[in-house]
Amino acid sequence: MNLARLNSARACVAIAGLALSMALPEIDRGWAQAAPPALGVQSPPVEVQPQPIELPPAPVERENPGPINEIGKLFEKSKSVLPQLKSPGETINDLSNIARPSTMVTGRAACVVASNGAPDCKIGADRLCQSKGFKEGKSIDTDASEKCSPLVYLPGHKRGPNDCKTENFVTRAVCQ
């Protein structure tokens, strides 16, 4: 029998004993009033004081040394130090955001040039995914090509710093 059931059984016995001790004086008074009077001499009713029932002392929880007990102590201490853990429902909601179905698509969408001159392919990946019916995407593969002025191809033309520029494209993206 485990400790919780034992404590519950003891509590039931204690309550039953208390109820019985409260009912005994009433039963005793009822019997005294129902008894026929003695011939010529009447004695006052005798009140019987109920004896208090002594309950056995509650079992003292002894510490159970062992690895499971020590791990339990560690968890109790960590509740005050660590932030609250998420409930299983909250954890599943977080995982469903990660595990949304996604599809890899191929195509060609230009990357925009950021203010620092570097290519920003997030917008290109979004455009590629939107052209395939998805909401947004992340680029997996990019391609770069050089676009030059037609003057570069003329014989004898010296190539200048602004004659050609590099264009970047997203060619594969994961879409959601």
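These questions and answers walk through a predicted model, from the whole chain down to Thr171. In this model, local features need pLDDT of at least 70 and side-chain atom pairs count only at pLDDT 80 or more, while totals for chains, interfaces and linings use all residues. Residues are numbered from 1 along each chain as its sequence is written, and side-chain values use heavy atoms, with hydrogens and water left out.

Trainee: What pattern does the chain follow along the sequence?
Mentor: Helices (H or I, at least four residues) and strands (E, at least two) are DSSP runs, numbered from the N terminus. The chain has four helices and five strands. Read in order, the pattern is α-α-α-β-β-β-α-β-β.

Trainee: What share of the 176 residues is buried?
Mentor: Buried means under 20% relative accessible area, exposed over 50%, partly exposed in between (1.4 Å probe, protein chains only). By that cut-off, the buried share of the chain is 14%.

Trainee: Which elements each supply at least two residues of the largest nonpolar core?
Mentor: A nonpolar core is a set of buried Ala, Val, Leu, Ile, Met, Phe, Trp, Tyr and Cys residues joined through side-chain atoms within 4.5 Å. The largest has 10 residues, among them Val105, Leu128 and Val170. The elements are strand S1 (103–110), helix H4 (122–131) and S5.

Trainee: Is Thr171 buried or exposed?
Mentor: Thr171 lies in strand S5 (residues 164–175). Its relative accessible area is 18%, so Thr171 is buried.

Trainee: Which residues does Thr171 touch?
Mentor: Contact means heavy atoms within 4.5 Å. Residues up to four places away in sequence are not counted. That leaves Val105, Thr106, Gly107, Arg108, Leu128, Asp141, Thr142 and Asp143.
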